[in-house]
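Subject: Structure handover

Hello,

Here is the structure you are taking over. My notes follow below it.

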Amino acid sequence: MMNDGPSGLIECVNVPKTISAILEHKLKLATKHELDTIYGTEDLWDFLELITVHNYNQRVISKAQSSGI
């Protein structure tokens with residue numbers, strides 16, 4: 001299945017996007033085992049919020065650096 005990234009990238013088909021986002025993100029917020037045994041649904045949404053804020057802030061920083069601000 002294709003995503004909105006560069007041509008040729010694929011995404012997981014058998015793992016929900018919410019789980020995949022947490023497992024694949026560079027912040028390494030949780031392992032699959034931890035998601036299965038320790039964390040609940042509320043934690044999943046908190047992790048996704050953390051990832052969203054992190055990604056947004058990284059884009060803002062990158063844009064500011066490239067424009068010389």
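Is F47 buried or exposed? F47 has a relative accessibility of 11%, and it counts as buried because that value is under the 20% cut-off. Please keep in mind that this is a predicted model.

Contacts of F47

Not counting residues up to four places away in sequence, F47 touches I22, L29, A30, L35 and Y39. With Y39 there is also a ring pairing to report. A pair of aromatic rings is described by the distance of the centres and the angle of the planes. The count of aromatic pairs comes to 1. This pair is formed by Y39 and F47, and its geometry is edge-to-face, with 5.0 Å centre to centre and 85 degrees between the planes. Y39 has 28% relative accessibility and so counts as partly exposed, while its partner F47 is buried.

The nonpolar core

F47 also belongs to the largest nonpolar core. This core has 8 residues: I19, I22, A30, L35, L44, F47, L48 and I51. Helices α1 and α3 (41-66) each supply at least two residues of the core. The helix that gives the most to it is α3, with 4 residues.

The loop at H25

Where is H25 placed? H25 is in the loop between α1 (17-24) and α2 (32-37). At 11% relative accessibility, H25 is under the 20% cut-off and therefore counts as buried. Leaving aside neighbours within four places in sequence, H25 is in contact with I51, H54 and N55. I51, one of these contacts, is listed in the largest nonpolar core as well.

The largest pocket

The largest pocket holds about 340 Å³ of space. Its lining is made up of 14 residues, and those that lie nearest the centre of the pocket are E11, K17, S20, A21 and E24. By class, the lining has 7 nonpolar, 4 polar and 3 charged residues. Which helices supply at least two residues each of this lining? They are α1 and α3. α1 gives the most to the lining, with 4 residues, whereas in the largest nonpolar core the most comes from α3.

If you want a place to start in the viewer, I suggest F47 and its partner Y39, then H25 in its loop, and then the pocket residues, including E11 and K17.

Regards

Notes. Residues numbered from 1 in each chain as written. Predicted model: local features only at pLDDT ≥ 70, side-chain atom pairs only at ≥ 80, totals over all residues. Heavy atoms only, no water. Buried < 20%, exposed > 50% of the residue type's maximum accessible area, 1.4 Å probe, protein only. Contact = heavy atoms within 4.5 Å. Core = buried A, V, L, I, M, F, W, Y, C linked by side-chain atoms within 4.5 Å. 1 Å grid on protein atoms, 1.4 Å probe; cavity = no way out; pocket = protein on both sides within 12 Å on 5 of 7 lines; lining within 4 Å. Points joined across faces, edges and corners; volume = space filled by probe spheres on them. Nonpolar A, V, L, I, M, F, W, Y, C, P; charged D, E, K, R; others polar. Phe/Tyr/Trp six-rings, centres within 6.5 Å; stacked < 30°, edge-to-face > 60°.
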